[in-house]
Amino acid sequence: MVYAGFSLGVLPAQKLAQARAGAQGARLFYSCVPVSEFGSAWPDGVPMQVHGMDADPIFAGEGDLDAARALVESTTTAELFLYPGDPHYFADSSLPSYDAAAAALLRHRTLAFLAIHPG
């Protein structure tokens, strides 16, 4: 099972990936919390990615980016992808904050991740 969450939905996705046996991956979009919220370390062998905008006032300004950087530094199976801009929900085409170029790159990275880690 590969867990994924967007914004507030990252909390259950990260918790399940970190605490439930059998997780095969995690995709965290627009948010990340410190690993210590759900355990002492990211589980060995569970690949994950965090995606967010580098100037998003929520992601970059409220600690999520710091948590993502710390998570990536704590394990070899985590990656952080930053996109230029400040929208929070940049990949939702139904919103004015939609960024087509960033969303296309996020989609490409997601499909590549799932091709390698199908869950």
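Q: In which sense do β1 and β2 pair, and over how many bridges?
A: Let's start with the strands of this predicted model. Strand β1 covers residues 2-6, while β2 runs over 25-29. One position to look at is Gly-5, which stands opposite Leu-28 in β2. The two strands pair over five bridges, and the sense is parallel.

Q: How many residues of β2 are buried?
A: Take the two sides of the strand in turn. On one side sit Gly-25, Arg-27 and Phe-29, on the other Ala-26 and Leu-28, and all are buried. The strand is therefore largely enclosed by the rest of the structure, and the count of buried residues is five of the five.

Q: Which element gives the most to the largest nonpolar core?
A: A little background helps here: in soluble globular proteins, nonpolar side chains tend to be buried together. The largest nonpolar core in this model has 19 residues, and Ala-17, Leu-28, Cys-32, Trp-42, Met-48, Val-50 and Leu-71 have the most contacts inside it. The elements giving two or more residues to this core are α1 (10-19), β2 (25-29), β3 (48-53) and α2 (64-74). With four residues, the element that gives the most is α2.

Q: Which residues does Ala-17 contact, leaving aside its neighbours within four places in sequence?
A: Ala-17 is one of the residues with the most contacts inside the largest nonpolar core. Another residue in that group is Trp-42, and Trp-42 also appears among the contacts of Ala-17. With close sequence neighbours left aside, the contacts of Ala-17 are Tyr-3, Ala-23, Gly-25, Ala-26, Trp-42 and Pro-43.

Q: How is the aromatic pair of Phe-6 and Phe-29 arranged?
A: A pair of aromatic rings is described by the distance of the centres and the angle of the planes. For Phe-6 and Phe-29, the centres are 4.3 Å apart and the planes make an angle of 10 degrees. Planes under 30 degrees apart count as stacked, and the arrangement of this pair is indeed stacked.

Q: Where in the chain do Phe-6 and Phe-29 lie, and how many residues apart are they?
A: These two partners also sit in different degrees of exposure: Phe-6 is partly exposed at a relative accessible area of 43%, whereas Phe-29 counts as buried at 3%. The pair links distant parts of the chain, with Phe-6 in strand β1 and Phe-29 in strand β2, and the separation is 23 residues.

Q: Why is the pair of Tyr-30 and Phe-90 edge-to-face?
A: Both residues are buried, Tyr-30 with a relative accessible area of 2% and Phe-90 with 0%. Their ring centres are 5.2 Å apart. Planes over 60 degrees apart count as edge-to-face, and the pair fits this because its planes are at 65 degrees.

Q: Which residues do ring pairs link into a cluster?
A: The model has five aromatic pairs. Phe-6 with Phe-29 is one of them, and Tyr-30 with Phe-90 is another. The cluster linked by ring pairs consists of Phe-6, Phe-29, Tyr-30, Tyr-83, Tyr-89 and Phe-90.

Q: Which side chains make polar contacts with the side chain of His-88, and at what distances?
A: His-88 is found in the loop between β4 (78-83) and α3 (100-116). It is buried, with a relative accessible area of 9%. Beyond residues up to four places away in sequence, His-88 touches Ser-7, Tyr-30, Asp-56, Ile-58 and Phe-59. Two of its side-chain partners make polar contacts: Ser-7 at 2.8 Å and Asp-56 at 2.5 Å.

Q: Over the face of which ring does Arg-27 lie?
A: Arg-27 belongs to one side of β2, where it is buried along with Gly-25 and Phe-29. Its distance from the ring centre is 4.9 Å, and the ring in question is that of Phe-113.

Q: Is Pro-57 buried or exposed?
A: Pro-57 has its place in the loop between β3 and α2. Leaving aside neighbours within four places in sequence, Pro-57 is in contact with Glu-62 and Asp-86. Its relative accessible area is 55%, and the cut-off for this class is over 50%, so Pro-57 is exposed.

Note on methods
Residues numbered from 1 in each chain as written. Predicted model: local features only at pLDDT ≥ 70, side-chain atom pairs only at ≥ 80, totals over all residues. Heavy atoms only, no water. Buried < 20%, exposed > 50% of the residue type's maximum accessible area, 1.4 Å probe, protein only. Polar contact = N/O pair within 3.5 Å; in protein donor to acceptor, adjacent residues only side chain to side chain. Contact = heavy atoms within 4.5 Å. Core = buried A, V, L, I, M, F, W, Y, C linked by side-chain atoms within 4.5 Å. Phe/Tyr/Trp six-rings, centres within 6.5 Å; stacked < 30°, edge-to-face > 60°. Lys NZ or Arg CZ within 6 Å of the ring centre and 35° of its normal. Pairing = 2+ DSSP bridges.
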